[in-house]
Amino acid sequence: MSVWAVVAAAGEGRRLGLNRPKAFAPLGSRVLLAESLERFEATGWVDGIVVAVPAGWEEPAILLVEELGLGKVTAVVPGGETRAASVRAAVAEVPAEATVIMVHDAARPLLSESVVGRVLTALNDGWDGAVPGIVPADTVKRVARGGVEETLPRDRVRLVQTPQAFLATALRQALASTHEASDCAAMVEARGGRIAVVEGDRRLLKVTDGEDLALVSTWLGVSPPLPIEEDDLDEDDDDETEE
């Protein structure tokens, strides 16, 4: 079985308050993107890696790959205006002979070997895809027009994370449609694909703002980044369209 990983790293990350894309946010002496790439490089589950970064940031990403000595990274591509568009661009660079494609958000740097193994192993049971998920700690309610419609039992819902693993044919077919969704699993589901949910990891936090970045820095035992003053930001930057 040939397994490839696509790393979605094209989010602008304006909510981080930085003057650079989210994937290049400082994490100690490194950048956020380095964590996911090195962990995919180290695992024996993955044969190759394709990375999608913001347009114009391909060269810094290639230099990072060279600096880290990542032999599995075969392509760095410019992402699109949405996460789905970025994944489409990256999957187009995955070899046709790949049987499984994993999709992971660079914004979730604490990728673990155990989660990678769980989502891939689940595909052996006939599923089209598999996602890691965690039971929410808080009560979950369905709301509409400012009121509660239903209280959902926590044992029936999951907070879904990445990496998500798919049979390559199922993912490619889903990406060929015009359907947009917040994750690839929803796109495969929309075409009738069957998705398994395996145990996730609470440390697979998605970095969205400065507090998230500081927390992940603490978990890694590195110094949190210093805040960038408002005057240092490029006021001409457009709002991000991909998280």
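User: What makes T151 count as partly exposed?

Analyst: In this predicted model, T151 has a relative accessible area of 42%. Buried requires a value under 20% and exposed one over 50%, so T151, at 42%, falls in between and is called partly exposed. The residue belongs to strand β9.

User: How do you know which residues T151 touches beyond its sequence neighbours?

Analyst: Leaving aside residues up to four places away in sequence, T151 touches T139, V140 and K141, where contact means heavy atoms within 4.5 Å. For T139, the separation is 12 residues in sequence, while the C-alpha to C-alpha distance to T151 is 7.6 Å.

User: Why is R145 called exposed?

Analyst: The relative accessibility of R145 is 82%, and the cut-off for exposed is over 50%, so R145 counts as exposed. R145 is found in the loop between β8 (140–144) and β9 (147–152), and R145 has a positive phi of about 50° although this residue is not a glycine.

User: Why is helix α1 called oblique to helix α2?

Analyst: Helix α1 (residues 32–42) and helix α2 (residues 58–68) pack at an angle of about 50°, with their axes 11 Å apart. An angle under 35 degrees would be roughly parallel, one over 145 roughly antiparallel and one from 65 to 115 roughly perpendicular; about 50° fits none of these, and therefore α1 is oblique to α2. Their crossing is right-handed.

User: Which residues make the contact between α1 and α2, and how do they divide by character?

Analyst: On the α1 side the contact is made by L33, A34, L37 and E38, and on the α2 side by L64, V65 and L68. These residues divide into 6 nonpolar, no polar and 1 charged; since Glu counts as charged, the charged residue is E38.

User: What makes α3 oblique to α5, when their axes cross at roughly 130°?

Analyst: The axes of helix α3 (residues 83–91) and helix α5 (residues 168–175) come within 10 Å and cross at roughly 130°. Roughly perpendicular covers 65 to 115 degrees and roughly antiparallel begins over 145, so an angle of roughly 130° belongs to neither class and α3 is oblique to α5. The crossing of α3 and α5 is left-handed.

User: Which residues meet where α3 packs on α5, and how many of them are charged?

Analyst: A84, V87, R88 and V91 in α3 meet L171, R172 and L175 in α5. The contact divides into 5 nonpolar, no polar and 2 charged residues; because Arg counts as charged, the two charged residues are R88 and R172.

User: How do you know that the buried residues of α7 lie on the same side of the helix?

Analyst: In helix α7 (residues 210–220), D212, L213, V216 and S217 are buried. They cover an arc of only 135° around the axis, which puts them on the same side of α7. The face turned away from this buried side carries the exposed residues E211 and T218, and the elements covering the buried residues include β2 (26–27) and α1.

User: Which residues of α4 are buried, and what covers them?

Analyst: The buried residues of helix α4 (residues 113–122) are V115, V116, G117, V119, L120 and A122. What covers them includes α1 together with the strands β1 (3–8), β6 (100–105), β7 (129–134), β11 (164–167) and β12 (195–199).

How values were computed
Residues numbered from 1 in each chain as written. Predicted model: local features only at pLDDT ≥ 70, side-chain atom pairs only at ≥ 80, totals over all residues. Heavy atoms only, no water. Axes fitted to C-alpha atoms, helices over the stretch in contact; angles between N-to-C directions. Helix = DSSP H or I, 4+ residues; strand = E, 2+ residues; numbered from the N terminus. Left-handed = near helix turned anticlockwise from the far one by under 90°. Buried < 20%, exposed > 50% of the residue type's maximum accessible area, 1.4 Å probe, protein only. Arc of directions from axis to C-beta.
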